[in-house]
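Please open the model in a viewer and keep a selection tool at hand. The tour proceeds by selection, with a description at each stop.

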Amino acid sequence: MAADAVLHGLRAEIRLALAPCATITLAHDPGELMTQNSHRVVVAGGGVAGLEALLALHALAGDRVELTLVSPTADFVYRPLAVAEPFALGSARKTPLSEAARTAGATLVQAPLTGVDVANRTVLLGDGETLPYDALVLATGAAAEPAFGAAHVFNWDDAIGGLLRDLEEGYSQRLAIVIPPGPGWPLPAYELALLISSDARGMGMKPEITLITPEQAPLAIFGPRAVELVTEELNQAGVEVELGAYADLDPGPPSAIVMRPSGRRIEGGRVLALPRLRGRAPQGVPADPDGFVTVDPHGRVAGAEHVWAAGDGIAFPVKFGGLAAEQADAAAADIAAEAGAMVERVPFRPVLRGRLLTGRGPRYLRHDASGGGGEGEVATHTLWWPPGKINGRYLAPWLAARDEETITDHLPQSGGLAVQTDLHREIGGS
């Protein structure tokens with residue numbers, strides 16, 4: 001089927017992205033790698049990849065590493081639920097980075113990282129200060145820019161309230177939701193299509209919603225089982241999908257979305273577009289023409305010794321918090337071994353876990369994207385624990401311990417120690 005062809009192509013991209021840049025072996029005698037001082041590790045970035053790397057290094061290497069967390073902001077923002085906020089299904093939540101630093105025994109430096117002197121192993125901060133390192137983890141993310149510059153185009157991270165009012169009050173009967181080409185994460189577009197349809201129909205309106213995507217099948221990265229499930233959800237919600245399509249904006253008048261290669265037009269409606277992503281490698285770090293950093297399966301940056309990278313800023317076709325955490329784990333294990341800890345250097349193996357919000361409740365999707373994962377898993381119950389939208393071996397339990405709302409919707413009485421794990425069960429038909 002079409003989804004199989006898409007998965008074959010995606011796996012080829014993933015294999016290329018994971019092609020090794022160097023031969024990695026296990027550390028032998030820890031004394032051979034240890035110095036008299038702790039291994040100084042600077043983690044740059046206060047997002048998912050940065051916090052996962054920080055907590056993993058603390059767990060794996062302990063006092064063998066001296067940790068410093070550098071971030072331009074004071075808080076970690078749990079962004080995946082921002083898309084649910086207009087529908088009263090959740091909200092973006094903040095956690096002070098000082099709490100994560102305290103847990104990991106790390107020093108927190110609030111400043112942007114502007115450059116890296118690879119030869120002298122120092123980073124330059126926005127305030128003019130420098131920090132030395134023995135290992136550097138870049139988790140500075142990617143820059144989001146609007147897919148279209150027109151003022152009447154809504155971007156998904158804008159307030160959606162006005163758009164919902166336009167549909168509910170009948171000012172517009174058409175909505176185009178656009179997934180632009182390039183690296184990114186398509187799941188929020190499907191959530192918006194399904195939730196907006198459910199919200200509008202609950203008000204007695206039936207807008208024409210079209211989701212435009214370059215994918216060859218809906219959420220094909222999650223495997224054939226997910227394609228079947230998502231297709232059914234879209235059909236139930238009355239959402240039309242234009243697959244293998246690229247959208248252009250014709251300012252008109254009247255303004256219209258033009259789909260390529262079909263040439264089909266959607267006129268006189270509203271447009272909601274996911275952003276395009278660009279890498280933002282710091283000065284001094286090699287990057288591709290789009291600003292993304294190339295790494296090997298252990299997170300080592302090509303052309304920059306003693307520098308690792310994880311998260312949206314690396315040259316990997318899928319951008320997602322769960323994958324960012326997995327990339328950070330691979331880098332942390334590699335650095336911990338360099339510092340003398342007896343840990344296995346496990347390479348990054350992308351496993352996708354997604355919680356899709358729909359008007360009929362959440363749907364859980366899981367797929368081993370590197371191959372060998374079969375058709376994937378789908379369910380109406382959680383397939384991992386804790387059941388948040390971001391899954392990290394160390395970050396998910398840490399967040400769950402601080403925010404009971406993460407799990408109270410899934411378990412009547414919570415308690416005990418949170419442990420991030422997959423729940424291997426027999427999954428019934430979708």
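Begin by selecting Leu352, which stands opposite His367 in strand 22. The model is a predicted one, in which local features need pLDDT of at least 70, side-chain atom pairs count only at pLDDT 80 or more, and totals for chains, interfaces and linings use all residues. Residues are numbered from 1 along each chain as its sequence is written, and side-chain values use heavy atoms, with hydrogens and water left out.

**The sheet around strand 22**

Extend the selection to residues 363-368, which make up strand 22 and are joined to strand 21 by six bridges in an antiparallel run. Strands here are DSSP runs of E with at least two residues, and helices are runs of H or I with at least four, both numbered from the N terminus. Two strands count as paired if DSSP finds at least two bridges between them.

Now show the whole open sheet, whose three antiparallel strands follow the order 21-22-23. Strand 21 and strand 23 (377-379) are at the edges with a single partner strand each, so one side of each has no neighbour in the sheet. On average, neighbouring strands of this sheet are turned by 10 degrees against each other, direction ignored.

Add residues 224-237: this is helix 7, which lies across strand 21, strand 22 and strand 23 and runs at about 155 degrees to strand 22. Such angles run from 0 to 180 degrees between N-to-C directions, and the axes are lines fitted to C-alpha atoms, for helices over the stretch in contact; contact means heavy atoms within 4.5 Å.

**A loop before helix 7**

Select Leu219, found in the loop between strand 13 (208-212) and helix 7. Leu219 is not a glycine, yet its phi is positive, at about 50 degrees. Most residues other than glycine have a negative phi.

**A second open sheet**

Move to the open sheet of three antiparallel strands in the order 15-16-17. Its edges are strand 15 (246-250) and strand 17 (265-267); each has a single partner strand, so one side of each is left without a neighbour in the sheet. The average turn between neighbouring strands of this sheet is 20 degrees, direction ignored.

Strand 15 and strand 16 (residues 256-260) run antiparallel and are joined by five bridges. Highlight Tyr246, whose bridge partner in strand 16 is Arg260. From Arg260, step to Pro261: the peptide bond between them is cis, with omega near 10 degrees. Pro261 belongs to the loop between strand 16 and strand 17.

**The second largest pocket**

Which residues are the closest to the centre of the second largest pocket? The pocket has a volume of about 500 Å³, and of its 19 lining residues Glu326, Asp329, Val346, Pro347 and Arg393 are the closest to the centre. A pocket is an open set of points on a 1 Å grid over the protein atoms alone where a 1.4 Å probe fits, with protein on both sides within 12 Å along at least five of seven lines; lining residues have an atom within 4 Å of a point. Points are joined across faces, edges and corners, and the volume is the space filled by probe spheres set on them.

Helix 8 gives the most to this lining, with four residues.
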